[in-house]
Amino acid sequence: MRELVEYIARHLVDDPDQVRVTEKDEDDVLLLEVTVAPDDMGRIIGRQGRIAKAIRTLVKAGSLRSPKKYIVEIV
């Protein structure tokens, strides 16, 4: 799932080398933290958070068969 989020984020921003996605495993929750360059924060969040919401929806749909819950945070 980390690869999917990283792929999407790299194609949305102007500086794809600054994109970092880290996975933190906490019990039955997998936290995906997306870090981008400060100039690209608006691009990854989108107007009124639409792009961020779409990324979270894709992750949720992709993880339905997984026993763990995925959470995407944009830092």
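**Exercise 1. Strand pairing**

Which residue of β2 does R20 stand opposite? Determine also how β1 and β2 are joined and what lies between them.

*Solution.* The model is a predicted one.

Step 1. Begin with the pair itself: R20 stands opposite T35, a residue of β2.

Step 2. Place this pair in its setting. Strand β1 covers residues 20-26 and is joined to β2 by seven bridges, the two strands running antiparallel. A further pair between the strands is that of D25 with its bridge partner L30 in β2.

Step 3. Consider the connection. β1 and β2 form a hairpin, with two residues between them. D27 belongs to this turn and has a phi near 50 degrees, a positive value in a residue other than glycine.

Step 4. Decide whether D27 is buried or exposed. Its relative accessible area is 77%, and a residue counts as exposed over 50%. D27 is therefore exposed.

**Exercise 2. The other partner of β2**

Identify the strand that pairs in parallel with β2, and explain why β2 is described as largely enclosed.

*Solution.*

Step 1. Six bridges join β2 to strand β3, residues 69-74, and these two strands run parallel.

Step 2. One of the residue pairs is L31 with I71, its bridge partner in β3.

Step 3. Turn to burial. Five of the seven residues of β2 are buried, so the rest of the structure largely encloses this strand.

**Exercise 3. The order of the elements**

State how many helices and strands the protein chain has, and give their order.

*Solution.*

Step 1. The protein chain contains three helices and three strands.

Step 2. Read from the N terminus on, the order is α-β-β-α-α-β.

Step 3. Attach residue ranges to the helices. Helix α1 spans residues 2-12, α2 spans 41-45 and α3 spans 50-62.

**Exercise 4. Two buried residues**

For E6 and S63, find the location of each residue, its burial and its contacts outside its sequence neighbourhood.

*Solution.*

Step 1. E6 is located in helix α1, whereas S63 is placed in the loop between α3 and β3.

Step 2. Apply the cut-off for burial, which is a relative accessible area under 20%. E6 has 16% and is therefore buried. S63 has 9%, so S63 is buried.

Step 3. List the contacts, leaving aside neighbours within four places in sequence. E6 touches V19 and V21. S63 is in contact with M1, K68 and Y70.

**Exercise 5. Two exposed loop residues**

Locate P38 and Q48, and establish whether each is buried or exposed.

*Solution.*

Step 1. P38 lies in the loop that connects β2 (29-35) with α2. Q48 occupies the loop between α2 and α3.

Step 2. The relative accessibility of P38 is 71%, so P38 counts as exposed. For Q48 the relative accessible area is 75%, and Q48 is therefore exposed.

Step 3. Add the backbone of Q48: its phi is positive, at about 55 degrees, although Q48 is not a glycine.

Step 4. Add the spatial setting of P38. P38 and V75 are separated by 37 residues in sequence and by 9.7 Å in space, C-alpha to C-alpha.

**Exercise 6. The chain as a whole**

Explain why the radius of gyration of the protein chain agrees with that of a compact globule, and describe its extent, surface and charges.

*Solution.*

Step 1. A compact globule of 75 residues would have a radius of gyration near 11 Å; the protein chain has 12 Å, and the two therefore agree.

Step 2. Along the principal axes, the C-alpha atoms fill a box of roughly 35 × 20 × 15 Å.

Step 3. Of the 75 residues, 28% count as buried. The accessible surface comes to about 5,300 Å², and 50% of this surface belongs to carbon and sulfur atoms.

Step 4. Examine the contacts between residues at least 6 apart in sequence: 53% of them join residues at least 24 apart.

Step 5. Finally, consider charge. There are 13 positive and 14 negative side chains, and the centres of the two sets lie 8 Å apart.

Technical notes
Residues numbered from 1 in each chain as written. Predicted model: local features only at pLDDT ≥ 70, side-chain atom pairs only at ≥ 80, totals over all residues. Heavy atoms only, no water. Helix = DSSP H or I, 4+ residues; strand = E, 2+ residues; numbered from the N terminus. Buried < 20%, exposed > 50% of the residue type's maximum accessible area, 1.4 Å probe, protein only. Rg over C-alpha atoms; globule rule 2.2 N^0.38 Å. Contact = heavy atoms within 4.5 Å. Areas by Shrake-Rupley, 256 points an atom, 1.4 Å probe, with all protein chains shown as cover. Lys, Arg positive; Asp, Glu negative; His and termini not counted. Charge placed at Lys NZ, Arg CZ, Asp CG, Glu CD. Pairing = 2+ DSSP bridges.
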